[in-house]
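Let's take a walk through this protein together. Have a look at the sequence and the 3D view first, then read on.

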Amino acid sequence: MSAAATPVVTPLNISYNVSFPEALAHYVNIDMNISGLSAKEIDLKMPVWTPGSYLVREFAKNVEGFTAEADGKTLTAYKTDKNTWHIINNTHSAIKVSYRVYCFEISVRTSFVDAAHGFLSTSGLFLYPAGMLNTPSQIHITPYKTWTTVSTSLERVNGDQFTVMAPNYDILFDSPIEVGTQDVFFFDAVGVKYEVAMVNGGNYNREDLKRDMARVVEEETAIYGENPNKHYVFIVHNYAKGGGGLEHLSSTVLGASRDAYGTKGGYENFLGLVAHEHFHLWNVKRLRPIALGPFDYDKENYTPNLWIAEGFTAYYQDIIIRRTNMYPVEDYLNRAAASITSVYNQPGAKEESLNDASFNAWIKLYRPNENTNNSTISYYSKGSNIGMLLDLEIINDTKGAKSLDDVMKYMYDEYYKVKKRGYTDAEFKAGLEKFAGKNLDDFYNKYIYGVADVDYNKYLGYAGYKLIDDNANIVTPTLGTTAVKLINGRYGVTGVLRNSAAWVDGINVNDEIAAIDGTALTNDPDKTIADRKPGDKIIVSVVRDGLLKNITVTILKSDLVKYRIVDAGTPTAENMVVRKKWLKLQ
Ligand SMILES: [Zn+2]
């Protein structure tokens with residue numbers, strides 16, 4: 001007798017053929033060829049979420065027509081949970097799995113196919129062998145008949161744009177693919193080849209974009225001292241009205257409004273989005289909270305640090321544009337003031353901490369309802385404000401020698417490059433403290449773990465600035481509702497502000513406001529009561545679920561602020577040191 005031979009584990013060989021025979025009906029057809037199987041059964045899975053967008057989206061719901069075969073014979077295959085297919089291949093070492101995916105959700109994180117183009121958000125398309133995320137794969141694309149071009153950061157095989165390869169599934173799921181007739185142009189910056197794929201037109205000017213996007217790239221790369229990519233792709237989806245973006249390791253997908261490039265504000269917003277998503281290639285894609293990689297594609301990946309990953313990125317998107325000098329100091333200060341205003345005016349800022357807002361993204365930020373404004377805070381806007389405060393704190397503490405940039409670079413070097421892992425909450429705090437030169441327990445307890453009112457003037461004061469509220473001396477009577485005019489002429493209530501007159505006296509979301517004091521509305525409810533005074537009592541007639549109700553409401557004064565950032569006085573020499581470093585003044 002001889003000892004049992006150790007089974008030879010053959011690495012799997014996986015390739016996909018992607019085609020669009022029913023592009024007009026919004027389907028992608030996928031044939032997945034797997035060879036090198038040594039076991040008699042295999043599980044194939046589809047991620048339930050796409051990294052960067054913190055919501056379980058159940059991509060498997062779009063899969064249809066699943067079959068598995070080998071040597072021309074159908075294999076037994078069945079689902080064992082919502083996103084797992086179990087295949088019994090027996091002795092077959094090579095199998096073919098076929099399925100099609102319905103793709104008709106327009107967003108930067110979901111696949112979309114129509115006659116014009118195919119946007120392949122890979123995490124919701126490609127099945128992977130369970131437990132074998134390290135397996136490389138090759139993808140061959142047969143485009144719909146009118147499509148000519150593929151844009152992706154995935155490496156081409158033998159220079160063929162229709163055949164690309166992914167070294168593992170983490171990279172495949174982080175590399176969206178655009179197929180269609182997009183307008184592609186290139187620019188070089190910091191030694192990296194940048195590709196821009198403009199989908200569905202727009203009034204952009206190629207040369208302006210090449211120049212201005214390169215400036216953004218240069219400013220951001222300067223913070224970290226290196227750019228880890230050799231090739232980076234901006235996929236830009238242009239819509240009648242669009243926005244938003246999703247970051248990836250070596251590419252990003254942006255949504256834009258087709259006609260926005262022609263206005264100063266629209267163009268600045270687009271560059272801000274470019275700056276935001278590109279900044280993520282360091283902050284979150286590489287320098288990351290410990291929970292965000294390696295990813296678990298089966299369920300939520302919780303982190304309390306999205307206020308760093310997203311909030312600091314939101315802070316940098318504006319300060320970077322300021323540093324390029326593409327807009328003046330006043331424009332930057334107005335954007336910072338608008339962000340402060342939005343947090344102040346959100347009652348949820350007093351209900352939910354930044355730490356909790358991050359952790360709860362999966363069930364709150366990505367699943368908003370009519371009460372979101374009252375019960376939650378955005379880790380984008382408040383995180384951006386906190387980033388600004390910490391930047392000012394470090395600049396002031398070091399008399400202009402250091403800034404938040406140094407924290408970001410230090411953390412990137414220390415955790416991404418040296419330790420090769422994400423940071424914990426305590427480790428990021430320690431990084432901030434290292435450069436601030438002080439303990440930040442009190443700051444964290446108040447502003448990160450707690451919901452204390454932020455003392456903006458203390459930090460803006462380092463740079464000789466302060467906030468002023470343009471609404472401070474204005475008394476505005478208000479019900480505290482947001483309402484839209486309905487086709488029947490009534491005003492449908494879409495939101496009720498916490499502690500407002502409507503909140504206190506019981507006007508509800510979905511109420512249709514028909515009349516005030518017996519007169520049918522011809523204008524927005526707050527405009528209708530513009531000449532009344534806080535303390536006045538009015539009868540608001542609403543239709544609620546088909547029944548007319550008359551509600552006595554005591555009008556209250558609006559508490560909404562409208563901040564601007566202005567000089568606190570004549571800035572001192574110390575103020576100017578902070579201001580110059582912060583705003584990169586010459
Ligand atoms: Zn972001």
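Let's begin with the largest pocket: 33 residues line it, and those nearest its centre are N345, L497, S558, D559 and L560. This is a predicted model, where local features need pLDDT of at least 70 and side-chain atom pairs count only at pLDDT 80 or more, while totals for chains, interfaces and linings use all residues. Residues are numbered from 1 along each chain as its sequence is written, and side-chain values use heavy atoms, with hydrogens and water left out.

The pocket holds about 820 Å³ of space. At least two lining residues come from each of α7 (372-375), β25 (481-485), β26 (491-496) and β31 (556-557). Those labels are DSSP runs numbered from the N terminus: helices are H or I with at least four residues, strands are E with at least two.

What makes a pocket different from a cavity? On a 1 Å grid over the protein atoms alone, a cavity is a set of points where a 1.4 Å probe fits but cannot get out, and a pocket is an open set with protein on both sides within 12 Å along at least five of seven lines; lining residues have an atom within 4 Å of a point. Grid points are joined across faces, edges and corners, and the volume is the space filled by probe spheres set on them.

The structure has three cavities of 30 Å³ or more, and the largest has a volume of about 120 Å³. Its lining includes V343, Y344 and Q346, along with K382 and Y456.

V343 also belongs to helix α5, where it is buried, as are Y332, L333 and I340, among others. Buried means under 20% relative accessible area, exposed over 50%, and partly exposed in between (1.4 Å probe, protein chains only). Helix α5 (residues 329-344) has 16 residues and should span 22 Å at 1.5 Å a residue; its end C-alpha atoms are 23 Å apart, which agrees. The expected span is 1.5 Å times one less than the number of residues.

Now for the metal. Which residues hold the zinc ion? H276 (NE2), H280 (NE2) and E310 (OE) coordinate the zinc ion, at 1.9 to 2.1 Å. Donors here are N, O and S atoms within 2.8 Å of the metal (3.2 Å for Na, K and Ca); water is not among the atoms, so sites may look incomplete. Along the chain, the zinc donors follow the spacing H-x3-H-x29-E. H276 is buried at 5% relative accessible area, and H280 is buried too, at 0%.

On to the sheets. Two strands pair if DSSP finds at least two bridges between them. Here are two open sheets:

| Strand order | Pairing |
|---|---|
| β9-β10-β11-β17-β14 | antiparallel |
| β5-β4-β8-β2-β1-β13-β16-β15 | mixed |

In the five-strand sheet, β9 (104-107) and β14 (149-151) are at the edges with a single partner strand each, so one side of each has no neighbour in the sheet. Three bridges connect β14 to β17 (residues 177-180), with S151 opposite E178.

In the eight-strand sheet, the edges are β5 (73-74) and β15 (155-157). Six bridges join β1 (residues 13-19) to β13 (residues 137-142), which run parallel; Y16 has I139 as its bridge partner. V97 sits in β8 (residues 94-102) and is buried at 0% relative accessibility.
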